[in-house]
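Please work through the following exercises with the sequence and the coordinates at hand, trying each task before reading its solution.

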Amino acid sequence: MADITLSPDRLQRTQTPATRRRASLRNFKAQGLAWMLALPALFLMAMLLLGPLLAVVVLSFTDYSLGNASLDWRGLDNYQAMLGDDIFYKSISNTLVYVGIVVPGSLLLGLGAALLIESLTRGKAFWRAVYFLPVMATLIAMAIVWEFMMSARFGIIPQTLALLGFPAKNWLQETATALPVLCIIGIWQSLGFNMVLFMAGLSGIPRTLYEALELDGGSSAWTRFWTITWPMLAPVTMFVVIITAIRSFQVFDTVHVLTKGGPNNATMVLIYQIYQEGFDFFRSSYAAALTVVFLVFIFILTVIKARTIENKVHYS
Amino acid sequence: MAEVQIRNVSKRFGTTTVLENASLTISKGEFVSLIGPSGCGKSTLLRIISGLEVQDTGQIVIGDRTVDDLRPSARNLAMVFQSYALYPHLNVASNIAMPLRMQRLNGFQRLPVIGRFLPGSATANDGIARQVRDAAEMLDISHLLERKPGQLSGGQRQRVAVGRALVRDPAAFLLDEPLSNLDAKLRVHMRTEIAQLHRRLKATFIYVTHDQVEAMTMSDRIAVMMDGDIIQVGTPDEVYDQPVDIRVAEFIGSPKINVVPVDIEAARGMAVLAGAASGVVTDPSAVSLGIRPEAITVSSSSGLAAGIVEHAENLGSEEYVQVRLDALPEIVITARAGHGTGWTRRIGSAAHVSFDGNRALAFDSAGRRVACRAYAPRHVGGKAVANG
Amino acid sequence: MRPVSANSSSGDLFKHAVLAVGSIFILLPFAVMIATSFKSPADIASGALRLFPTEYHGFANYAEALSATPLLRYMANGVIVTASIFALQLLVALPCAYALAKLKWRGRDTVFGLILFCLLIPPHAVAIPVYVLFYWLGILDSYTSLILPWTISVFGIFLMRQFFKTVPDDLIDAARMDGISEFGIVWRVMLPTALPAVTAFGIFSIIAHWNDYFWPLIVLSSEDYYTPPLGVATFRTAEVGYVFGPLMAAATIIIAPLVLTFLLAQRRFIEGITFTGMK
């Protein structure tokens, strides 16, 4: 008969308190170490992001202005003042117009550039660099160049338009055209950024899809775009829309350098108004209330963005 | 090198018990494999030995020292990882030197450039460089010392990982599935190399794998783990021939052991298989017999049970024949037939299977091994009948 | 089969033409800027549409740009500020990202949640309280006030955490077996392993802070600390009647470092921007 005696060399069960303590001590040390590594970041986050965010909301209910030693609770006063503030309405509508023009403009041009460049056999890197250049260039410096290009007497743009019979005017100083000019600068600056995001999206589309479509009989560029490229790019497109919108909401540099919100508040935008109230007029509490409105817009956009990223997961 | 003792180690992750009171002693210089299906706790056990994971209860003793309080690096163990875990930014020489540099140089001496000019570092660095060269020579990777891991093949990376373990001259080597990322051919080759390395170093090796061929070919002893438990420890032969549990029997051996249900005839304890006396007498609690393919003979003319050849595989050196039994249609028996027996041409035809009663294993309803022995049956007209 | 060769080369030609037309819009400001920086005041005042100057005035313009305002000082400030910001961002973000990606600790999920929340906060939104804080601390108008707000980059933490997640656990365990401390692992193992991500983050951070205008504009009052964007904006307001030649020379000088680095390491930059942009 076979002998079946082999079994693991089991000793009796010993769970001494000492081993327990040892394990928990090592665990405690590991926990402490992790907190230590995260601590500098947490401290700075509390001091420079979370605390100030809370402070913005609190300030918006007070009458604080910079330099004051004390402040009083004023409830919704600032928000009530906002409702009667014509400049506020102007800056909201201007900001929305700016976003409404820059987002589709830089999206379509960026997509177009990406499609053209990606389909080239040669010279991809060259054109990509060209179109990306404005992203790298300091916007303030380039805004000054744009201003020079717009100046009525020596600017290349009014001079060229004059040759075509238009009056030589500085479009930045006209109520009707100042905002559109800022939009054009905004599009000029951001289309290269959108282009590289689209290029990344395009390179993620498997070649085999196009080959399959060709076997199925769809070989025109038009069919290829609408049946494969566009639907496959949809997540990237949504993403580009949102981040361009968030960035456009924060337009400030060009306004500050070129128009200061003028003429007649034609280019007054939200961040510029916050800047003026907070740092020119030192009405900190009113600026804080405007900031809260700005935050609401950004949060809405971010929620949409988070939703889109979830959708992106479904696609892959 | 040293003895490694695992004493009553338990580990829980949240509500899942990964290890339940596991104990095992690995002698000095022994090669022990921890084997089991994924999720059985073998890797966790290895990580607890190394100190990378902390057990909930129990002790680890290396040599005569309880090491539970010690950091992984202070336990003087070396580990070879499944993914090799080489520092991608360092060349081969620096990878191998890393544990020695950490041991022998202080923080200032390790600084780039300046460190070299600090007192003591020149001697230490020379010693390290010599040891790295020796290890590289032993593993035949001297020509690769300047390369980065990214420029190496899988097998070469594997050797570098072994080299990094080697230079420490550790109390024991811990190897966590070190061959599973290699292709089949290289795996066979590295198996030999690791076994030879063990013979040459005479060091303690603890080797985790899910591949029973690796465990069988390299180990002095095998510890089979299931569901957080070490259920059997023994030499490869013991584990293969005398499994204590049906799970061990089924896990070890390829193709898998045949398990057939049996009834026990009350009078004598004869196991009845498919209505026929099997020629094996067992403990009355037995409910099934396990028979390895090589203990089964298949014949077209006569045997214990009749069936139909469902499939046959010709491996060149031998053939494996699968026969579906007439009396037990849910059972397919795998038998090993010799070279050139030509069963592949007889798929669909009738066949008879019989087995060597001396090699049969009996198991009770809980899967535990129970006693059994052969009892020579008489064959009457192609059918076996119980004697008397 | 599609007639590939003939069709695509003529198609390519057409595409190049379209891109060339588009690039007029893109490159015009650069062309005007550089061309004007070489022109004499008379040339500019004539308003004639001419690319090349009638008389070369480049040296005078650039000399004027560098002497009328301490442009080089501004550039040095820009380098000090951007480099300090990036170094401190790494110093703060990497250990935190490592703890979030690779260590198990109670509170980790909460901390990560906070970081995701902070990602939503646009810098403009906290400008007022941070300004008030700095006012009370008395550190407005200093390098500290330029650098401190950006030392915490939740985006950097998030980005590095995502990248660290892809580093195999085995590598960290191997480092522990080799005797490297947890703090050492961050700098000696994770940082070199994550170099592509660190580079991408660096490109992102440097572009953002070299070009930043809003924050320096708010906190600075003395020219000693001016960064390049602020410098060129002041140049414009200081020079009554806009002396365009030197102004364009100044603009050229200020955008040159980033633009030239970009042109030299184009692929790196675009990969970096794509990597950070897609998060």
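**Exercise 1. State how far apart the centres of domain 1 and domain 2 of chain C lie, and how many residues of each domain are in contact.**

Solution. In this predicted model, the centres of domain 1 of chain C and domain 2 of chain C, taken over C-alpha atoms, are separated by 35 Å. To see which residues belong to each centre, take the bounds: domain 1 of chain C is assigned as 1–68 + 239–259, and domain 2 of chain C as 70–226. The contact between them then takes 7 residues of domain 1 of chain C and 7 residues of domain 2 of chain C.

**Exercise 2. Carry out the corresponding analysis for the two domains of chain B.**

Solution. Begin again with the bounds, which the domain assignment of chain B sets at 4–243 for domain 1 and 255–385 for domain 2. The C-alpha centres of domain 1 of chain B and domain 2 of chain B are 42 Å apart, and the contact involves 4 residues from domain 1 of chain B and 5 residues from domain 2 of chain B.

**Exercise 3. Describe the fold of chain A from its elements, burial, contacts and surface.**

Solution. The first step is the element count, which gives 12 helices and 0 strands for chain A. Turning to burial, 51% of the 316 residues in chain A are buried. For the contacts, consider those in chain A between residues at least 6 apart in sequence: 66% of them join residues at least 24 apart. The last step is the surface, where chain A exposes about 14900 Å², with carbon and sulfur atoms supplying 65% of that area.

**Exercise 4. Find the largest nonpolar core, and name the helix that gives the most to it.**

Solution. The largest nonpolar core holds 236 residues, and those with the most contacts inside it are Tyr131(A), Leu24(B), Tyr98(C), Ile152(C), Phe164(C) and Ile218(C). The helix that gives the most to this core is H4 (residues 71–102) of chain C, with 16 residues. Another core, of 37 residues, lies apart from it and has Ala78(B), Val80(B), Val92(B) and Leu166(B) among its members.

**Exercise 5. Decide whether Met190(C) is buried or exposed, and list the residues that it touches.**

Solution. Locate Met190(C) first, in helix H10 (residues 182–193) of chain C. Its relative accessibility is 0%, so Met190(C) counts as buried. When residues up to four places away in sequence are not counted, Met190(C) touches Tyr98(C), Lys102(C), Phe164(C), Val167(C), Ile172(C) and Ile185(C). Of these neighbours, consider Ile172(C), which is 18 residues from Met190(C) in sequence and 8.4 Å from it in space, C-alpha to C-alpha.

**Exercise 6. Analyse the salt bridges Arg47(B)–Asp173(C), Asp227(B)–Arg247(B) and Lys15(C)–Asp12(C) by position and accessibility.**

Solution. The search of the whole structure finds 20 salt bridges over all chains.

- Arg47(B) and Asp173(C) form a salt bridge in which the closest N and O atoms are 2.4 Å apart. The pair crosses between chains, joining helix H1 (residues 42–50) of chain B to helix H9 (residues 169–178) of chain C. Asp173(C) counts as buried, because its relative accessibility is 2%. Both residues also belong to a network of salt bridges that links Arg47(B), Glu53(B), Asp173(C), Arg176(C) and Glu182(C).
- Asp227(B) and Arg247(B) meet at 3.3 Å, N to O. Asp227(B) lies in the loop between strand S9 (221–226) and strand S10 (229–234) of chain B, whereas Arg247(B) lies in helix H8 (residues 246–251) of chain B, so the salt bridge ties together parts that are 20 residues apart in sequence. Asp227(B) is exposed at 63% relative accessible area, while Arg247(B) is partly exposed at 32%.
- Lys15(C) and Asp12(C) meet at 4.0 Å, N to O. They are 3 residues apart in helix H1 (residues 4–37) of chain C, which means that about one helical turn separates them. Lys15(C) is partly exposed, with a relative accessible area of 22%, whereas Asp12(C) counts as buried at 9% relative accessibility.

**Exercise 7. Name the residues that make the nonpolar surface patch of about 600 Å², and place Leu111(B) in chain B.**

Solution. The patch is made by Phe108(B), Leu111(B), Val113(B), Ile114(B) and Phe117(B). Leu111(B) lies in the loop between helix H2 (92–104) and helix H3 (121–139) of chain B, and Leu111(B) counts as partly exposed because its relative accessibility is 39%.

Methods. Residues are numbered from 1 along each chain as its sequence is written. Chains are lettered from A and ligands numbered from 1 in the order in which they are written. This is a predicted model: local features need pLDDT of at least 70, side-chain atom pairs count only at pLDDT 80 or more; totals for chains, interfaces and linings use all residues. Side-chain values use heavy atoms; hydrogens and water are left out. Helices (H or I, at least four residues) and strands (E, at least two) are DSSP runs, numbered from the N terminus. Buried means under 20% relative accessible area, exposed over 50%, partly exposed in between (1.4 Å probe, protein chains only). Contact means heavy atoms within 4.5 Å. Accessible areas come from the Shrake-Rupley method with a 1.4 Å probe; for residues, only the protein chains shown count as cover. Patches are made of residues with over 30% relative accessible area and no salt bridge: like charges are joined within 9 Å, nonpolar side chains (Val, Leu, Ile, Met, Phe, Trp, Tyr) within 5 Å. A salt bridge is a side-chain nitrogen of Lys or Arg within 4 Å of a carboxyl oxygen of Asp or Glu. A nonpolar core is a set of buried Ala, Val, Leu, Ile, Met, Phe, Trp, Tyr and Cys residues joined through side-chain atoms within 4.5 Å. Domain bounds come from an automatic or database domain assignment.
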